[in-house]
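Let's walk through this structure together, starting from one pair of residues and working outwards. Have the viewer at hand as you read.

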Amino acid sequence: MANRLNQLLKQWLSQKDTQKWVLATIIETDGSSYRKAGAMMMINDLGQYFGLLSGGCLESDIMLQARRCWDSGRNRIVEYDMREEEDLAWKLGIGCGGMVRILLQPVDEANQYLQLDSLYALLESNQTAEYCQVINDQVPLNTLKTLTLKQAAPEQAKSIEGALKKADTDRKTETQQGVFKQYLKPAPHLAVFGGGVDARPVVAIATQLGWQVTLVDPRTSYARNGHFDNSVSVVRDAIESLEQNRWLQQIDMAIIMTHNIKLDAQSLALVQKSSAKYVGMLGPIHRTDRVLDLIPTTREQLVKPLANPVGLRLGGELPESIALSMLSEAHAFIEQQNGLSISGILRQ
């Protein structure tokens, strides 16, 4: 089940007028919790829900609480405090031992669908947005603003720059004067160069993570239909002809794995002109030196640092393990984390 916001909204959008819906948003946590503030879930009157606010232990009760929103047309705030012996969650022995506060909001035409249709359109067009939810038990009053520096007045530009920076950090949410504010970015965008058999688990895992994936391979026998999810954008043009393609300025990560030195060189040269923050290349150092000679350039002259050999040391030699290793490193990089064991159980 997809849990990224744009995927939840896509599920909702196709049924928005055929079912009753509630948007559930975590607005505050204290102590241990499975999800943090900003996590969202869509619930409908068929008993379906898309997304998770806990590991599955609170969802049944959240759905019961959501029914009251359909009856009243108003917001509802519920709190599960696993620290309190009198709380339902504590008595049932569920949850992670912390407090979770959730805002439930009915979603319908009368409240302009909480601006969720417009929010989905922004995320799908690769724009960052500021989404605000008033925290009360009244009729919902949510607002949406596009965060773009284009055509912004000078007095607004500084504020927008600050918001865009927050969208790239852990400070994506804030609560001020009874308003819960989120800075929401499009799903991360990965470009995979090379559509061979070993690219399948890379693309499959990235798709499961909810990432946007562009798969590039000009070879006719590679990146075949049916081998990759339909949501993947497949590019078959010659790599050296792609410099003006729009997606090149929308990617966050690139993994080069064509198993062809010439194509790898073309791909590496191309992503130097892209928006990618992370660039990884499959293969040992001595092979990569041959790739660099073809460009020609050196590691030191590359505009973007090259992760090579690519991946984290997870062990395993199967394509699935290698895919997990590469994507784990890319994931940690764009989330600005160090990839270390949380418990410290692994040797340093």
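A good place to begin is V216, whose bridge partner in β12 is V235. Keep in mind that this is a predicted model. The strand pair behind this bridge is β11, residues 212-216, and β12, which run parallel to each other and are joined over three bridges.

From here you can widen the view to the sheet. Six strands, in the order β12-β11-β10-β13-β14-β15, form an open sheet with parallel pairing. Its edges are β12 (233-235) and β15, each of which pairs on one side only. If you trace the order from one end, β11 stands between β12 and β10.

Next to consider is a helix that meets some of these strands. Helix α6 spans residues 199-208, and its buried residues are A199, P201, V202, V203, A206 and T207. What covers them? The cover includes two strands of the parallel sheet, β10 (189-193) and β11, together with the helices α1 (5-13) and α9. After α6 comes G210, with a positive phi near 90°.

Now turn to another sheet. Here five strands are arranged in the order β3-β2-β1-β5-β4, again as an open sheet, but with antiparallel pairing. The edge strands in this case are β3 (49-50) and β4 (76-81), and each of them pairs on one side only. Inside the sheet, β1 (residues 21-30) and β5 are antiparallel partners over nine bridges. If you would like one bridge to locate on screen, take I26, whose partner in β5 is I102. As background to both sheets, strands pair through backbone hydrogen bonds, in either a parallel or an antiparallel sense.

A further group of strands centres on β6. Is β6 enclosed or open to the outside? Six of the seven residues of this strand (128-134) are buried, so β6 is largely enclosed by the rest of the structure. Strand β6 has antiparallel links to β7 (residues 143-147), through five bridges, and to β9 (residues 179-184), through six bridges. For landmarks, find T128 opposite L147 in β7, then Q133, whose bridge partner in β9 is F180.

With the strands in place, let's look at some backbone details. Most residues other than glycine have a negative phi, and most peptide bonds are trans. Which residues depart from this? Y113 has a positive phi, near 55°, without being a glycine. You will find Y113 in the loop between β5 (99-107) and α4 (116-124). Its relative accessible area is 9%, so Y113 counts as buried, the cut-off being under 20%. Q336 also has a positive phi, of about 60°, although it is not a glycine. Q336 sits in the segment after α9. At 55% relative accessibility, Q336 counts as exposed, because the cut-off for that class is over 50%.

The peptide bonds have their own exceptions. I295 and P296 are joined by a cis peptide bond with omega about -10°. P296 belongs to the loop between α8 (285-294) and β15 (306-307). Another cis peptide bond links N308 and P309, with omega about -5°. P309 lies in the loop that runs from β15 to α9 (319-334). Recall that β15 is an edge strand of the parallel sheet.

Finally, step back to the whole chain, which has nine helices and 15 strands. How does its radius of gyration compare with that of a compact globule? For 348 residues, a compact globule would have a value near 20 Å, and the chain's 22 Å agrees with this. Along its principal axes, the C-alpha trace spans about 65 × 50 × 40 Å.

Of the 348 residues, 45% count as buried. Among contacts between residues at least 6 apart in sequence, 59% join residues at least 24 apart. The accessible surface comes to about 18400 Å², with 49% of that belonging to carbon and sulfur atoms. As for charge, the chain carries 36 positive and 39 negative side chains, and the centres of these two sets lie 4 Å apart.

Terms used:
Residues numbered from 1 in each chain as written. Predicted model: local features only at pLDDT ≥ 70, side-chain atom pairs only at ≥ 80, totals over all residues. Heavy atoms only, no water. Helix = DSSP H or I, 4+ residues; strand = E, 2+ residues; numbered from the N terminus. Rg over C-alpha atoms; globule rule 2.2 N^0.38 Å. Buried < 20%, exposed > 50% of the residue type's maximum accessible area, 1.4 Å probe, protein only. Contact = heavy atoms within 4.5 Å. Areas by Shrake-Rupley, 256 points an atom, 1.4 Å probe, with all protein chains shown as cover. Lys, Arg positive; Asp, Glu negative; His and termini not counted. Charge placed at Lys NZ, Arg CZ, Asp CG, Glu CD. Pairing = 2+ DSSP bridges.
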